[in-house]
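Let us take a friendly walk through a protein fold, one step at a time. Keep the viewer open and turn the view as you read.

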Amino acid sequence: MMTQPFTEDVIAAVSRHMNEDHEDDSLLIVRALGGRPDAIGATMTGMDGSGIDFTATVNGQQIPVRVPFSRPLTERAEVRPEVVRMYREACAALGLPARS
């Protein structure tokens with residue numbers, strides 16, 4: 001784990017946005033990039049400059065899943081493009097169409 005470049009407020013805002021507006025996208029990311037194709041739910045629980053942490057629901061249990069970024073991030077403005085990249089990569093891996 002790298003040094004935390006994001007404040008608690010940034011992490012809370014990103015988590016809230018992902019959990020309220022992009023719950024399905026988080027699930028796709030966890031299934032395809034987090035190695036949990038059996039997940040039926042995913043909630044973002046944190047992040048640092050090297051990746052995002054989720055709690056996935058698998059077989060009725062809550063499992064921690066870490067999905068690394070493609071490169072270290074140091075600024076909030078880098079988070080959205082990286083999460084969009086993860087979402088598109090997950091869709092491609094799962095054979096699903098990505099939103100525009």
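The paragraphs below go from the sheet to the helices and then to a single side chain.

Please keep in mind that this is a predicted model. A good place to begin is the sheet, which is open and has 3 strands in the order E1-E2-E3, with antiparallel pairing. Strand E1 (41-48) and strand E3 (61-68) each have a single partner strand and stand at the edges, so one side of each has no neighbour in the sheet. On average, and with direction ignored, neighbouring strands of this sheet are turned by 25 degrees against each other.

Now look at how E2 meets E3. Strand E2 covers residues 51-58, and 8 bridges join this strand to E3, with the two running antiparallel. If you would like a landmark for this pairing, find Val58, which stands opposite Gln61 in E3.

Next come the helices. Helix H2, made of residues 23-33, lies across E1, E2 and E3 and runs at about 80 degrees to E1. Helix H3, made of residues 79-94, also lies across E1, E2 and E3, and its direction is at about 110 degrees to E3.

Let us finish with one residue of helix H3, namely Glu82. Is this Glu82 buried or exposed? Its relative accessible area is 5%, and buried means under 20%, so Glu82 counts as buried. Which residues does Glu82 touch, once those up to four places away in sequence are not counted? They are Phe69, Ser70, Arg71 and Leu73.

Conventions. Residues are numbered from 1 along each chain as its sequence is written. This is a predicted model: local features need pLDDT of at least 70, side-chain atom pairs count only at pLDDT 80 or more; totals for chains, interfaces and linings use all residues. Side-chain values use heavy atoms; hydrogens and water are left out. Two strands pair if DSSP finds at least two bridges between them. Helices (H or I, at least four residues) and strands (E, at least two) are DSSP runs, numbered from the N terminus. Axes are lines fitted to C-alpha atoms, for helices over the stretch in contact, and angles run from 0 to 180 degrees between N-to-C directions. Contact means heavy atoms within 4.5 Å. Buried means under 20% relative accessible area, exposed over 50%, partly exposed in between (1.4 Å probe, protein chains only).
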